[in-house]
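I sat down with this model today to look up its salt bridges. Here are my notes, in the order I made them.

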Amino acid sequence: MNLVVFACRNLARRPWRTALAFVGLAAAIGTLAVLSALTAGYERELRKELDRSGVQLMLVPLGCPYDAAARVLKGRVLDASLPAEALAQVRRDPAVAAAAPLLLCAQVRTNEDRADLWVGIDESAPALKPWWRVQRGKAWFSSTNGVILGSEVATLEMRAPGDRLYCPGADATFTVDGVLDRSGTSDDSLFFVPLGRAQQLFGQPGRLTAIAIRLRDPALLAEAARRLQAIPGAQVVTTTEVMGVFQNLIGTVRALLSAVAIVAVTVGCLTVLNTLLAAVLERAAELALLRALGASRSQVVLALAVEALLLTSAAALAGLLGAAFGGAWIQDAVRQWIPLAPERLATPLSLPLIGQSILLGVGTGLVAVLYPAVCALRMAPAEATRTA
Amino acid sequence: MNPSPDQAVVAAEALTKVYRRAAEDVRALDGVSLTVRRGEFVAIVGPSGAGKTTLLNLLGCMDAPSSGRLWLEGREVQQLNERGRTHLRRERLGFVFQHFGLVPTLTVAENVALPLVFARRTADGRVSRLLEKVGLSSRRNHRPHELSGGEMQRVAIARALVNEPALLLADEPTGNLDSVTGEAVIALLRQLNAEGLTVVVVTHNPALAGAAGRQLRLADGRLAG
Ligand SMILES: Nc1ncnc2c1ncn2[C@@H]1O[C@H](COP(=O)(O)OP(=O)(O)OP(=O)(O)O)[C@@H](O)[C@H]1O
Ligand SMILES: [Mg+2]
């Protein structure tokens, strides 16, 4: 017999109460872990998507800059457009390493309830898209009537290199030059055509939707932004600012998730507090008895602490196991309510998160034990003879 | 009084205990002096409310007197700190309660072994020997609620003895037992005393009081006679 056995027996004394406290705390810690991993993973995936592009600045038409940047990044169409001179000005800037002009045009297919996004690009585009890899066919347009398809689009349209593809909006027929590898970005669902051809077909001669810019050195950002801002009819957006747009978009959702987590944790912790407090206070006479039998104050506190820690650390572990195995499923369910959710959301639990959850569980146990322990310490062992 | 350490297990001088209450103070014990020598069997008797339990608690270091001095085996208890008193309770004293005080979640054997856990000792067959002595070897894996009152009290006595105390203190050990089961407990206490254990009991039971070598009568917190 030792203190651990003693503590286990006490926990087993009221199995239902112990089980309820256990489930309450495990659920709370599991919820906290899943939601924290979700929030962290969400931000990380978004940042990765932005970083991967290697784009530090974007030149967009005057208007709401954040809206414009978010639309371009997510492959949506802008109403306004940039004058063609802007591109030359950008390329003249000493801080600019690469500048890729884009013209986006949506082709609505009313009978299929979807819109195809056609993007006009020039030779500078692959430089700003490190993941741009051709899966089949050629890496670049062989003629002005060439089109390169994103991997999803190729599947959807059932086209392979050499096939012909009719674009109803432009009333033109293209030849498929290449199909891109799956990248996990919005590129997968785009139709790429030569910039000049796009401007001509979609009635936007000389106009651009945006210019994506990579600098020679990220440290030049502020300086370059100031100069580019002077280009008439255009404005500069940094990807850091774009990140801010995304974060604002998810801000409300994240606040809601945090609120759910906080409520769950509070309820779980209070359940354990209540259970342990009641368990100790109703055993006050028994604790006095232990003192009468020669237990020191610290041994009584230790017995209570072992009991509390057994319960809370087991609950923390169960909660984390639940989060690890059921987390992906829960994240998928939650994903539907999150705007701009990246493809992969199921985020594994990080070590700090695991540590934080265990600390929370164990901390709750210790707090729950502290108060009754103080009561037990004040009691004279003589209480045992009166009531035990 | 000048107690001699090798002779007196207990020496008390003018022990007084006042319970402070909101309305009035209760003088439960009023200047009690006594000596218990090694190997003695002393019974404390007296009417209800006389202060018997209060006195036994003071002797067992379970409570502190309001005034007076107390020596256990020659050591003055007031000069010990909390750790010292815990050590004394654990190593030198055994306590038996009227309501048995067994831990319901533990088996008979585990209850007996509990003071060993606090003393960080291994059982080395001592639990078995004690259970045999109190005639409960066959019940070692039973829970307290499966035992009769007399059996529970014998388990409690075995537990009080497991750390080999110098003094056994028992507060109404037969108080919750009928006369037949009480007899077995009295016989056990007599046997332990015959083997050399110093025993102090508080009792209303004439049979138990009669088994003691000396009776101390307590009334209104004072020793009479
Ligand atoms: N914790 C306490 N607080 C206040 N008064 C107390 C306390 N314990 C005992 N008393 C009072 O002290 C007096 C002596 O009590 P004690 O329990 O020592 O009597 P007793 O001789 O053991 O009685 P009984 O034979 O009924 O067990 C009583 O008047 C009792 O009410
Ligand atoms: Mg009493």
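I checked B:Glu82 and found it partly exposed at 24% relative accessible area; partly exposed lies between buried (under 20%) and exposed (over 50%), using a 1.4 Å probe and protein chains only. Its partner A:Arg297 is partly exposed too, at 35% relative accessibility. The two form a salt bridge with their closest N and O atoms 3.9 Å apart (a side-chain nitrogen of Lys or Arg within 4 Å of a carboxyl oxygen of Asp or Glu). This pair crosses between chains, from helix H10 (residues 297–335) of chain A to helix H2 (residues 82–91) of chain B. I noted that helices (H or I, at least four residues) and strands (E, at least two) are DSSP runs, numbered from the N terminus.

The model is predicted, so I kept in mind that local features need pLDDT of at least 70 and side-chain atom pairs pLDDT 80 or more, while totals for chains, interfaces and linings use all residues. Residues count from 1 along each chain as written, chains are lettered from A and ligands numbered from 1 in written order, and side-chain values use heavy atoms, without hydrogens and water.

Next I looked up B:Arg222 and B:Asp30, whose side chains meet in a salt bridge at 2.7 Å, N to O. They sit 192 residues apart, in strand E10 (residues 222–224) and strand E2 (residues 25–37) of chain B. B:Asp30 is buried at 16%, whereas B:Arg222 is partly exposed at 48%.

Last, I found A:Glu223 and A:Arg227 joined by a salt bridge of 3.0 Å, N to O. Both lie in helix H7 (residues 221–228) of chain A, four residues apart.
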